[in-house]
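Biologist: I would like a close look at a single part of this model. Please take me through one chain, its halves and its neighbour, in plain steps.

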Amino acid sequence: MAAEEGMTSFQRLSTALRMAIPDRVPVVLVSTTHGAREVGLSLPEYFRRPENVAEGQIRFAERVGHDNVDAYYYVVREAEAFGAEAAFSENGPPGMGPPVIRSPAEIDTLEGPDPLASPHLKAVLQSTELLARRARGRWLVLGHALGPCSLPILLMGIDAWMELLLFGSASRRRRLLQITSRFSVAWANALLSAGADAIALVEPMVSTTLVARDQAVRLLLPVVRRVVRAVRGPVILWGIGAIQGVADLLPGLGVRAVSTDPGDDLLEVKRAVAGRAAVLGGLNDLAMLSWTPDDAEAAVRRALERGAPGGGFILSHQLEIPFSVSSDLLGRIVEAARRWGRYDGRGELQDDG
Amino acid sequence: MRQRFLDALRASDRRGARRILREARDRKIDGSTLMREVVAPAVEEIGRDWREEDLSLSRVYAVGLIVEDCLQFLEPSVRSSDKPQGKVVIGTARGDYHGLGKRIVAAFLRAAGFTVVDLGMSVAPESLVERAMAEGARIIAVSALMLDAALGIAAVRSEMERLGATSIKLLVGGAPFRYNPDLWKTVGADATAPNAYEAIVTARWLLERQE
């Protein structure tokens, strides 16, 4: 099927990230777990060797047909470099164990680790190198880095971080954000050096689901802006929650694209970013748990109708595809994007009704 | 005073809220009256605001923290004189260490007159059920941020059935339940609530159904 299309996945996604018009709407799917199923391993076994993750991601992309591959292991990976422990399960990505910062006072003596010295993150870099070698020119390799304002959620728990942010010591807040900023920049640049073509900066704290706009403007966005500027490659801001209420501010951070929440209105977000960044989203990954193939196709059509006209749109979802969502269903999503998401030369969708 | 307290909640003004309660205490207004006539109505009022607009968690959390402060300040005198609405055992699902939602819901339920037994984070299903039975609780409330942990709440229902705790109601909440509106049924819950205020409304509704 891909051979019939005008671009490779890499070209399609790169084009969209440059705000030019690709042959059709690209599809970005993020799953840390489907690769394990592709290579027939349990999740703990899958994450044990970098080769497994690279092989699993390639097979997953070949089967489903989406436009990215990535060596994203699981969200706790970066916190592991700070000493956190991942809690594995058989049915989904590992969750977070108890926080490593147990009281705000511990921030005073916290040392930010070097991501390159972490065995957990070295494995991610090895997977990224392997993927980059195999994906070259075919798929876009996406590297995932936790943003400086959201890494503290994993390090100290969201309630302690929220309390420090809103009511706590300003000097401790600044110190923690300096540590996490250095870490985010170093990690993102390491991923780029290993062969990632773009960075998904996972930063739910910029979404208005978590933090109100005025608070984000005052406390968080300047920090994110400095980090984005220090990253030596294209950055997609992955907000996870709703971003419509801050969408007008996000291109000013220097990002190439912003991800949305299923509750965001894609048309309104596109208006707000005003051609200064591409918009990702349109699909609700947690709703996929109960979708039929027809539901999936209907969801794709709704998303394309709202987000695709004029270009600057990448069909995607808010966080991570649940393990129990089948690859067949995901294939239907990509197929629907191929069918209904083709552009004419002016960036309008071709009528394929 | 109620309006000033409500304004403090809306402005996330923790110090301002404390000041109002201190002033009230200086004027010899007793804790029960303050809870009944100032704190509880303000919590209900701000909860109704949330039905009209999408509030950020940071705002909701600030309100939760202020309500927690008030409860600490007022609770000794309230506890001795007011009849609680019912007992709720609350915790985050096993494997989930995200306790913010639980903390806010617990504070709101307390402000609304419920007695809340907070078992903390990553609570085993059997601990939730056994403690609920031992405490004579009428509701078990479980929150989860991670999908896997949310799906694990089905084990709480199994445990309730195994131990014969069928009169206790199971209330669930957290992001997976908001994104997938049918998930609460999948895990065998009796209800879900999208925010702390709705948790009060839903808990009352569950109690009515028990009676």
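Modeller: What follows is a walk through chain B, from its confidence to its two contact sides.

This is a predicted model, in which local features need pLDDT of at least 70, side-chain atom pairs count only at pLDDT 80 or more, and totals for chains, interfaces and linings use all residues. Residues are numbered from 1 along each chain as its sequence is written, while chains are lettered from A and ligands numbered from 1 in the order in which they are written.

Start with confidence. Chain B has an average pLDDT of 89 (the predictor's confidence in each residue, from 0 to 100). In chain B, 95% of the residues reach at least 70. Where pLDDT is low, the predicted coordinates should not be read in detail. For the complex, the predictor gives an ipTM of 0.85 and a pTM of 0.88.

Now the layout. Chain B is assigned domain 1 (2–81) and domain 2 (87–210); such bounds come from an automatic or database domain assignment. Taken over C-alpha atoms, the centres of these two domains of chain B are 24 Å apart.

Next, look at where the domains meet. In chain B, 11 residues of domain 1 are in contact with 12 residues of domain 2. Contact means that the C-beta atoms of two residues, placed from the backbone, lie within 7 Å. On the domain 1 side, helix H3 (31–52) and helix H4 of chain B each supply at least two residues. Helices here are DSSP runs (H or I, at least four residues), numbered from the N terminus. H4(B) gives the most to this side, with six residues. By class, this side of domain 1 has eight nonpolar residues, two polar and one charged. Nonpolar covers Ala, Val, Leu, Ile, Met, Phe, Trp, Tyr, Cys and Pro; charged covers Asp, Glu, Lys and Arg; the others, Gly among them, count as polar.

Then turn to the neighbouring chain. Here 25 residues of chain B are in contact with 30 residues of chain A. Four helices of chain B give two or more residues to this side: H4 (57–81), H5 (100–111), H7 (147–151) and H9 (175–179). H4(B) gives the most here too, with six residues. The side of chain B that touches chain A holds 11 nonpolar, seven polar and seven charged residues.

Put the two sides together. H4(B) gives the most to the domain 1 side that touches domain 2 of chain B, and H4(B) gives the most to the side of chain B that touches chain A. Follow that helix in the structure, and both contact sides come into view.
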